[in-house]
Amino acid sequence: MRSDFLRTISDRGFVHQCTDEEALDARAAKGPITAYIGFDCTGDSLHVGHLVSIMMLRWLQRTGHKPIVLMGGGTTKVGDPSGKDETRKLLTDDDIAANMAGIKRAFEPFLTFGEGPTDAVMVNNADWLDRLAYIPFLRDYGRHFSVNRMLSMDSVRLRLEREQPLTFLEFNYMVLQSYDFVELAKRHGCVLQMGGSDQWGNIVSGVELGRRVGGLELIGLTTPLLTTASGAKMGKTAQGAVWLNEERLPSWDYWQFWRNTDDADVGRFLRLFTELPLDEIARLEALQGQEINEAKKVLATEATRMARGASAAEAAAETARRTFEEGALAESLPTIEVPRADLEKGIPAFELMRRADLAASNGEARRLIRGGGGRINDAPFAAEDQSVTLADMTADGVVKLSAGRKRHVLVRAV
């Protein structure tokens with residue numbers, strides 16, 4: 001490949017499908033191109049599952065091209081049916097605005113925004129979708145979509161095959177996303193839409209709509225559906241989503257998520273989620289036995305540095321070293337505060353584990369303790385209803401709770 005962009009993302013495992021890879025390579029080799037990825041505002045933070053898309057935009061910019069981050073202020077009101085068994089919850093305009101503000105913060109560590117030729121820009125599709133007149137839009141754009149073909153798209157077909165309802169509102173999502181691509185091409189000279197493989201049908205529809213209504217030569221590119229070696233969806237854990245924003249997930253927990261990567265995923269994740277040279281990644285993923293843990297620490301620190309900054313990454317790595325290698329109580333471990341009066345009376349172990357978010361429910365906490373996975377000050381609980389009191393405080397004035405070997409929370413009395 002001639003273009004730095006396509007060669008880089010191909011070598012690092014980002015490319016799944018492309019509507020015209022040869023044309024994309026030629027255009028990217030000639031000079032800066034403009035590309036976009038859309039993000040609907042369904043929550044107030046993005047999570048690790050969005051990182052492949054964010055890193056694609058980062059590599060696009062780093063290889064001399066212009067990224068557009070498209071906020072789905074308009075499409076969020078419709079709801080993307082892709083990969084969903086039921087209709088998304090309809091959000092108010094205020095909900096969408098609040099979510100958008102939170103999502104915007106996730107991009108700041110990854111992209112350089114500004115007015116320069118390769119500076120990233122952030123736009124909101126509500127700027128044009130909210131102004132559409134229904135009948136003229138149907139006449140000018142709806143006529144280019146075949147219902148027969150739309151029914152064959154995975155986002156629609158899979159929902160219908162599972163006999164799950166698909167509203168007419170959601171059925172319009174493909175048309176609106178396609179229109180976004182055409183609008184961005186007109187407004188910003190955007191020639192490339194990128195996204196996950198579940199967006200392939202929507203992206204292809206946008207490429208075709210551009211050709212039909214404006215003679216535009218647009219290109220679509222998707223990334224592979226990312227799962228872990230165990231088959232789990234990337235970015236999801238038993239405790240919930242792994243959020244990118246610090247206020248939703250402390251940097252220590254973010255670092256620990258990457259440190260707990262399966263051995264089989266280390267090399268792939270280093271290529272996707274860090275900017276380490278490929279030869280260094282090849283050395284790290286070749287490590288065997290206990291040495292592979294060193295590669296996981298590198299992954300955790302580099303991924304955390306990317307999302308949270310160097311100081312947060314180094315603090316998390318140092319906390320891990322002190323906690324696991326020296327057995328010390330590191331002050332930067334996640335901490336919760338409980339009323340001193342509660343500890344004077346005594347709190348059942350299972351309840352305190354739940355309060356510390358080491359279990360999602362009292363029942364889960366009971367099972368964890370019965371199975372030997374719940375610990376207090378590094379010793380197993382004697383029983384699931386063991387009373388935790390002020391007497392359990394260490395010399396540091398805390399109680400250390402653990403779920404397994406890698407998840408720890410300090411409890412302080414207030």
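Visitor: In this predicted model, which residues of H15 are buried?

Guide: In helix H15 the buried residues are Ile292, Asn293, Ala295, Lys296, Leu299, Ala300, Thr301, Ala303, Thr304, Met306, Ala307 and Arg308. A residue is called buried when its relative accessible area is under 20%. Twelve of the 17 residues of H15 are buried, so this helix is largely enclosed by the rest of the structure.

Visitor: How many Å should helix H15 span, and what do its end C-alpha atoms show?

Guide: One reasons from a rise of 1.5 Å a residue, by which the 17 residues of H15, running over 292-308, should span 24 Å, and the end C-alpha atoms are indeed 24 Å apart, in agreement with that expectation. After H15 comes Gly309, which has a positive phi, near 100°.

Visitor: Which residue meets Lys296 in a salt bridge, and where does that residue lie?

Guide: To read such a pair, one looks for a side-chain nitrogen of Lys or Arg within 4 Å of a carboxyl oxygen of Asp or Glu. Here the side chain of Lys296 meets that of Asp263, at 2.5 Å from N to O. This pair links distant parts of the chain, since Asp263 is in the loop between helix H12 (251-259) and H13, while Lys296 is in helix H15, 33 residues apart. Lys296 has 7% relative accessibility and therefore counts as buried, whereas Asp263, at 45%, counts as partly exposed.

Visitor: How many salt bridges are counted in the model, and which residue does Arg62 pair with?

Guide: The count comes to 23 salt bridges. Arg62 pairs with Glu275, their closest N and O atoms being 2.9 Å apart. The two residues are 213 residues apart, with Arg62 in helix H3 (residues 51-62) and Glu275 in the loop between helix H13 (266-273) and helix H14 (278-285), and so the pair links distant parts of the chain. Arg62 counts as exposed at 53% relative accessibility, and Glu275 as partly exposed at 23%. Arg58 also belongs to this picture, as Arg58, Arg62 and Glu275 are linked in a network of salt bridges.

Visitor: Which residues form the negative surface patch, and is Glu22 buried or exposed?

Guide: For a patch, one looks for residues of like charge that are joined within 9 Å and have no salt bridge. In this model the negative surface patch is formed by Asp20, Glu21, Glu22 and Glu217. Among them, Glu22 lies in helix H2 (residues 21-30), and its relative accessibility of 69% is why Glu22 counts as exposed.

Note on methods. Residues numbered from 1 in each chain as written. Predicted model: local features only at pLDDT ≥ 70, side-chain atom pairs only at ≥ 80, totals over all residues. Heavy atoms only, no water. Helix = DSSP H or I, 4+ residues; strand = E, 2+ residues; numbered from the N terminus. Expected span 1.5 Å × (residues − 1). Buried < 20%, exposed > 50% of the residue type's maximum accessible area, 1.4 Å probe, protein only. Patch = residues over 30% accessible without salt bridge, like charges linked within 9 Å, V, L, I, M, F, W, Y side chains within 5 Å. Areas by Shrake-Rupley, 256 points an atom, 1.4 Å probe, with all protein chains shown as cover. Lys, Arg positive; Asp, Glu negative; His and termini not counted. Charge placed at Lys NZ, Arg CZ, Asp CG, Glu CD.
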